[in-house]
Amino acid sequence: MTEALEKSLLEDLQCPVCDSYMCPPIRQCQKGHSICDHCFPKLKVCPKCRSPKSQARSFALEAIHSKLKIPCRYAIAGCNFVSLGEHIRNHECFCKLAPKSCPFRNYDDCHWKDITSKLKSHLMKKHSSNFYQKEKQRFLSQNFRNITNYHYIYVVIHAHKDFFRLTWDIDEITGDYEQFKCFYE
Ligand SMILES: [Zn+2]
Ligand SMILES: [Zn+2]
Ligand SMILES: [Zn+2]
Ligand SMILES: [Zn+2]
């Protein structure tokens with residue numbers, strides 16, 4: 001396939017709403033305009049012709065997608081990964097530059113979501129008392145707030161260029177720490 005042809009086929013794969021490359025399942029309106037699977041559930045009618053959405057998928061476009069070299073959808077955040085369409089979804093699920101939710105979302109009811117390069121400054125600003133950045137850090141119970149009022153303790157550590165969330169459940173009666181869990185963010 002020539003580079004020019006590949007480029008023009010890629011343009012045909014751009015979603016009319018968000019401009020990213022549509023990947024399977026590629027959705028359609030009742031007249032046949034294609035829409036990406038991220039935008040499709042958020043729309044009431046087709047953005048091009050205002051006709052209703054359909055249940056049909058565009059299998060022809062999906063087949064073309066699988067044979068083209070597609071850039072990662074987080075290229076705007078700095079990802080240089082390019083791969084055949086059939087493999088790109090798998091990369092995007094684990095792409096380090098994909099927007100992430102705040103690791104404290106379930107604890108502090110924080111709705112922050114943005115690219116990873118901004119996570120550190122968010123944690124420093126909003127969660128400084130539960131955020132540790134030192135490569136070597138001892139976790140003593142004095143490090144934490146008065147634990148008797150809490151059912152669990154949670155911290156996020158930034159080490160080796162990655163983020164890890166650690167939680168300890170606390171036994172309400174004895175005050176003992178139980179079930180230590182570590183999540184890679
Ligand atoms: Zn879209
Ligand atoms: Zn349409
Ligand atoms: Zn990527
Ligand atoms: Zn947050």
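**Three zinc sites**

The zinc ion (ligand 1) is held by the SG atoms of Cys15, Cys18, Cys36 and Cys39, which lie 2.2 to 2.4 Å from it. Donors here are N, O and S atoms within 2.8 Å of the metal (3.2 Å for Na, K and Ca), and since water is not among the atoms, sites may look incomplete. This is a predicted model, in which local features need pLDDT of at least 70 and side-chain atom pairs count only at pLDDT 80 or more, while totals for chains, interfaces and linings use all residues. Residues are numbered from 1 along each chain as its sequence is written, chains are lettered from A and ligands numbered from 1 in the order in which they are written, and side-chain values use heavy atoms, with hydrogens and water left out.

What is the geometry of the site of the zinc ion (ligand 1)? Its four donor atoms make angles of 104 to 117°, and the site is tetrahedral. Four donors earn that word if all angles lie between 85 and 135 degrees. Along the chain, the donors of this zinc ion (ligand 1) follow the spacing C-x2-C-x17-C-x2-C. Cys15 sits in the loop between helix H1 (3-12) and strand E1 (27-29), and Cys36 in the loop between strand E2 (34-35) and strand E3 (53-57), so this pair ties together parts that are 21 residues apart in sequence. The helices (H or I, at least four residues) and strands (E, at least two) are DSSP runs, numbered from the N terminus. Cys15 and Cys36 are both buried, where buried means under 20% relative accessible area, exposed over 50%, and partly exposed in between (1.4 Å probe, protein chains only).

Two further zinc ions can be set side by side:

| Zinc ion | Protein donors | Distance | Donor angles and spacing |
|---|---|---|---|
| ligand 2 | Cys29 (SG), His33 (ND1), Cys46 (SG), Cys49 (SG) | 2.1 to 2.3 Å | 105 to 112°; C-x3-H-x12-C-x2-C |
| ligand 3 | Cys72 (SG), Cys79 (SG), His91 (NE2), Cys95 (SG) | 2.1 to 2.3 Å | 104 to 113°; C-x6-C-x11-H-x3-C |

The angles make the arrangement tetrahedral around the zinc ion (ligand 2), and likewise around the zinc ion (ligand 3). The site of the zinc ion (ligand 2) uses donors of the spacing C-x3-H-x12-C-x2-C. Within it, Cys29 in strand E1 and Cys46 in the loop between E2 and E3 link distant parts of the chain, 17 residues apart. Both Cys29 and Cys46 are buried.

For the zinc ion (ligand 3), the spacing is C-x6-C-x11-H-x3-C. Here Cys79, in the loop between E4 and strand E5 (82-84), and Cys95, in the loop between H3 and strand E6 (100-101), form a linking pair 16 residues apart. Cys79 is buried, and Cys95 is too.

**A small sheet**

Three strands make an open sheet in the order E2-E1-E3, with antiparallel pairing. E2 and E3 stand at the edges with a single partner strand each, so one side of each has no neighbour in the sheet. Two strands count as paired if DSSP finds at least two bridges between them, and E1 and E3 are joined by two bridges. Cys29, one of the donors of the zinc ion (ligand 2), has Lys53 in E3 as its bridge partner.

**Pockets**

A pocket is found on a 1 Å grid over the protein atoms alone, as an open set of points where a 1.4 Å probe fits, with protein on both sides within 12 Å along at least five of seven lines; lining residues have an atom within 4 Å of a point. The largest pocket has a volume of about 350 Å³, a volume being the space filled by probe spheres set on the points. Its lining has 21 residues, and nearest its centre lie Ser20, Cys72, Arg73, Tyr74 and Ile76. Strand E4 (69-71) and helix H3 (85-94) each supply at least two residues of this lining.

The second largest pocket has a volume of about 270 Å³. Of its 12 lining residues, Glu92, Cys93, Phe94, Cys95 and Ala98 are the closest to its centre. H3 gives the largest share of this lining, four residues.

**Details in the loops**

The loop between H1 and E1 holds Pro25, and the peptide bond from Pro24 to Pro25 is cis, with omega near -5°. Asp19 is in the loop between H1 and E1, and its phi is near 70°, a positive value in a residue other than glycine. Arg50, in the loop between E2 and E3, also has a positive phi, near 60°. Is Arg50 buried or exposed? With a relative accessible area of 61%, Arg50 is exposed. Gln30, in the loop between E1 and E2, counts as exposed at 54% relative accessibility.

How values were computed. Four donors count as tetrahedral if all angles lie between 85 and 135 degrees; four count as square planar and six as octahedral if opposite donors are over 155 degrees apart and all others between 65 and 115; anything else is irregular.
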